[in-house]
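Me: Please take a close look at one part of this model, the loop that holds the second of the cis peptide bonds in the list I keep, and then work outward to the rest of the chain and its partner. A plain account will do.

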Amino acid sequence: MKFGVGQPVPRLEDPRLITGSGRFTDDVNLPDQLYMAIARSPYPHGSIASIDTDAAEAAAGVVAVYTAADIESLGGMPCRAVLKDRQGNPCFIPKRPLLAEGRVRFVGEPVAAVVARTRTEARDAAELVLLEVEDLPAVVDLNAAAAAEATVLHEAHGSNLAIHYENGDEAAWEAAAAAAAHRVQVSLVNNRVAPSPLEPRAAVGHYANGTFTLYNPSQGAFAQQGVLARAIFDEPLESIRVISGETGGGFGIRGEVHPEAALTLFASRALGAPVKWHGDRSEMFLSDSHGRDNLTRADLALDESGRALGVRIETLANLGAYCSAVGPFVPTMAGGRVVGTVYRLPALYHSVRCLYTNTMPVAAYRGAGRPEACYVMERLMDEAARQLGIGRDEIRRRNFIPSSAMPFVNHSGVSISSGEFEATMDLALERADWAGFERRRRRSEGLGRLRGIGLGYYVESSGGGPEEEARVRIHPDGSAEVIVGTYSHGQGHETAFAQILSDTFGIEFDKIRFIQGDTAFVKFGGGTGGSRSSQMGGIAVKRAGEGVIEQGRAVAAELLQSEPGRVTYEAAVYRLDDASAQVSLADVARAAETAQFGGEGLAETHRYDRGAGTYTFPNGAHVAEVEIDPDTGVLHICRYTAVDDCGRVINPLLAAGQVHGGVVQGLGQALLENVVYDTDGQLLTGSFLDYAMPFADAMPDVDVSFNEVLDPNNELGVKGIGEGGACGAPPALVNAALHALASRGVTAIDMPLTPEKLWRAANGLSLQERAG
Amino acid sequence: MAAHDVMPDIELFQPVTVEDASAIARRLEGRGWVLAGGQDTYGWLKDRAKTATAMIDLGTIEALSGIEETADGVRIGAMTTLRTVSRDPLIRERYALLAEAAGKVASPQIRNQGTLGGNVAQDTRCWYYRRGLSCYRAGGNICYADSPEGMNREHAILGASRCVAVSPSDTGTALVALDAVMVIQNGGSVRRVPAAKFFVGPAVNITHMTVLREGDILTAIELPAAWAGAEHYFEKVADRDVWDFALVSIAAAFRTSGNAIEDARLVCGAVSCVPHRLNAVERAVIGRPRSEETAESVAGLASQGAKPLNFNHFKAPLMENLVKRALRS
């Protein structure tokens, strides 16, 4: 089967995307639309004394100016994370208003919405909105936020602590630590990043005839529809239609609705015209959710031979000024499910303090909690190897959960269903020529450069929400239509799902039409996130397709005047088992639309339920080899090897694309990217000039391969591939840099590894970039 | 309506002669924004930190583009793109230092559009200034970068005076090293300014980075035969290898006789408001070979007089390391 599962089929969506005929939200322009601009707080923290909108209202072209007082009928941005601490106290989740109420809590917080006839007029007028505040001290640093004397962002709560999440057994850890021959500690920064999809956020809101229609980038329209209906507008679900055409990258942060989208709908209802908003890039740095931002101290107890006895991981996690839709879920449970990752750890204690600070809220970002968890364990393993004088591969070998122990229930009660961690690592070491490193190191040394090689092993718990739905219909012309609740914001689902259906039906690839991202057609779904689309949408699609074949078999049996049990199906043809008669899938579909067969046509909706609390476990070994110039600190990635186990590979081109994308994002976080707020809470990295997104020059040739260990719990055997690169790259690169710097006595360094930081490390200078 | 949503209304002039361009500029009295490749200009407009009501597009003046041999070297039209400069056989053969520097500017897309004249005349990249804050350079009375909490990793360690912004030009260092001459026309009169005098620091003029004044059009850059075919070294250290500004760069040219350096130019970029010529190093290397020993003994002179700010102490040793590399190879 040329276009079936496992084939490197080029992406169906690319001709449309690369010829500019895709329809992104900013391509949507409705007749008589008005334009919205947002006046944002330039202050990180303050009590609002007044918001003077007179000048803005009087400005050319302005139709309306809204502040919090005008939108009292609307609810706030909800957080769907449900968390309790061990004492049963719920996580403190303050109201996040669409427009600041009473206080401003971060630079960029929306204060007023200005609607005008043109975008320029709206933006000009937004600059005239005069916000006066009584300044409050800004809380930026995580340690400062946690301090007893800290200024409190949400006064009624009394502290900046949203929740102290705990997992595992502290007493067991203490016992393990007491019995340990070796203790290894690391203190780590998981730096804050700005996910920065290529497409800046935009929204077109249109209220007409009692229905709200929102055009908006997303990772699945349902989550947005639900939030708008239930939490913000208090309207029936069916009165809100959300349409996502093309979305230029999601990375987690497009999984949630942002305030501006809701405000376009509100303004449209109030003004009787469509309202469009389109943020520019600097506005995205201020107002698109950020990712990561943890401080972690971890302690590993080992026996004489380097076998782990237990681990303690204590994290301060930055939520920003409010909770995003997933907020405290990411640093706690999302990563917590696989805290300890791929290693056998007799004892584990995990503690996370989630804190509010005067910064943009933090949301899910590629991997969401899993990359952070993996980074901690991989840094610990390397440090343990160094201190104990064991090979870095060897210490992992001694501690991996063996495949014979699968399914393996970890400390979070999660059952890791499959994985060949040692074999996957060995494959990566071989492809990376780990054994031949010393020869290459000497060659670099001769050129005055420091060379290092590093390993990062990751595992994820993937799948997200346990239910997903697909509807497959066969049209009378024999073509198939598939509607699915997952959402492709660039990954290539159109291609992958067509491959699955092409396999299932034995029909031509180009006879399959794909529909997603419009709540008017797609009735249920969990959207995309957490590497879930292939394993959830893929299986729902496959089963819906199989259901259609069964339905068709009954119809075919009648048409052939026989019994369904005697009808076989292959390559779009139903045949009697003695091959005496046959009828095509198209004819069956046509018949199914007639009154004789109920007139419903040949269609099946399947809702796949994976089972709550079950996940798949994509995992893999990434090896990075780097060279550092000690004169300038410039790091060059000489070689990068990724061996991922994502279960069955549906399309190696798409899968490799996901690995490349994940690696470059992980590389960005490890080497360059860093959101910087100054001590006063001003955002300093407000453009791509200041926020160092990696460019093509930083990207090595990635050697991509797969160790396909099929997932035992779904019939496709898929696990997911969306996030592995972002998990594997940071530890592989940082461990490689530390290996390179070992000869200079460096044992610790924090991301991002900018040239200056590496140069300081290589030359024995303080890593503190501020002098004095 | 759609167009209005992207750009403000701008009166656009597209003269075909330098005289006209100059005359329009004088008539508009400072309101006329002289536009070369636009790679600096459009950023200002997009960020809304500066606005223009009138623009004088030099792209329509054919005489400003092209590279030609002259009696005493090579003449490059100011509107010649950076890509052309970096790829031109004549430049690569005789002034490879400039070709390399031009080839390190920003990204291929920007080099296709950006011009040599624009690259030397561009405004500074101090992020406080570019954000539109009212600092000294913008006519105010404060420097945000040089305040106790200022973030000044990219800023000057030499030649600052109230303003600590640096010249971002990659080609400026090479042009100073090659003793280039900038040809400036105003109305009917033409003046020739050495590259080293073309760039001005804040002590001279805090709101302008070059000597260009109203009605001045930079028409060409002349490279003297004296430095043709010289040994050279160029390196730009930045966080990323493309589309980034230098943290420190070096452009060096050497004339040697036998083993000994007869004359040298070493110029550092991104350490001062102007391309910073290392006079002490230049003097110290005369008569010596390009060698490890020479490198080690003179590198310390490179950062003499440096006054680092809170976050840019690294620039002084980085300058020294780059000087060593220039003298070694």
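Reply: In this predicted model, Pro752(A) sits in a loop of chain A, with α18 (724-741) on one side and α19 (755-762) on the other. The peptide bond that joins Met751(A) to Pro752(A) is cis, with omega at about -5°. Another cis peptide bond links Met406(A) and Pro407(A), and its omega is about -5°. Pro407(A) is likewise a loop residue, placed between α11 (392-399) and β16 (408-409) of chain A.

A further backbone feature of chain A is found at Thr341(A), where phi is near 45°, a positive value in a residue other than glycine. Thr341(A) belongs to the loop between α9 and β15 (347-356). With a relative accessible area of 2%, Thr341(A) is buried, because buried means under 20%.

On the other side of α9 (330-336) is the loop that follows β14 (308-320), and Ser324(A) is located there. Ser324(A) has 0% relative accessibility and so counts as buried. The side chain of Ser324(A) comes to 2.9 Å from the backbone nitrogen of Gly327(A). Beyond its neighbours within four places in sequence, Ser324(A) contacts Pro78(A), Cys79(A), Arg96(A), Glu256(A), Pro361(A), Val362(A) and Ala363(A).

These loops belong to a chain with 19 helices and 28 strands. The radius of gyration of chain A is 27 Å, close to the 28 Å that the globule rule gives for 772 residues, so chain A is as compact as a globular protein of that length. Its C-alpha atoms fill a box of roughly 85 × 70 × 55 Å along the principal axes. Of the 772 residues, 64% count as buried. Among contacts between residues at least 6 apart in sequence, 79% join residues at least 24 apart.

Chain A also meets chain B: 34 residues of chain A are in contact with 32 residues of chain B. The area buried between the two chains is about 3,100 Å², and carbon and sulfur atoms give 54% of that area. The count of salt bridges between them is 6. In one salt bridge, the side chains of Arg325(B) and Asp631(A) meet at 3.0 Å, N to O. Polar contacts across the interface number 11 residue pairs, with both residues at pLDDT 80 or more. On the chain B side, the elements that give two or more residues are α8 (127-130), β9 (231-237) and α13 (315-328). Of these, α13(B) gives the most, with 6 residues. The chain B side divides into 15 nonpolar, 4 polar and 13 charged residues.

Two loop residues of chain B complete the account. Ala138(B) is in the loop between α8 and α9 (170-177) of chain B, and at 44% relative accessibility Ala138(B) counts as partly exposed. Not counting residues up to four places away in sequence, Ala138(B) touches Tyr129(B) and Leu133(B). The C-alpha atoms of Ala138(B) and Thr207(B) are separated by 6.5 Å, although the two residues are 69 apart along the chain. Arg48(B) has a phi near 60°, a positive value in a residue other than glycine. The loop that holds Arg48(B) runs between α2 (41-47) and β3 (54-57) of chain B. At 24% relative accessibility, Arg48(B) counts as partly exposed.

How values were computed. Residues are numbered from 1 along each chain as its sequence is written. Chains are lettered from A and ligands numbered from 1 in the order in which they are written. Side-chain values use heavy atoms; hydrogens and water are left out. Contact means heavy atoms within 4.5 Å. Buried area is the accessible area (1.4 Å probe) that two parts lose on being put together, summed over both. A salt bridge is a side-chain nitrogen of Lys or Arg within 4 Å of a carboxyl oxygen of Asp or Glu. A polar contact is a pair of N or O atoms within 3.5 Å; within protein, one must be able to donate a hydrogen and the other to accept it, and residues adjacent in sequence count only if both atoms are side-chain atoms. Helices (H or I, at least four residues) and strands (E, at least two) are DSSP runs, numbered from the N terminus. Ala, Val, Leu, Ile, Met, Phe, Trp, Tyr, Cys and Pro count as nonpolar, Asp, Glu, Lys and Arg as charged, and the others, Gly among them, as polar. The radius of gyration is taken over C-alpha atoms; the globule rule is 2.2 Å times the number of residues to the power 0.38. Buried means under 20% relative accessible area, exposed over 50%, partly exposed in between (1.4 Å probe, protein chains only).
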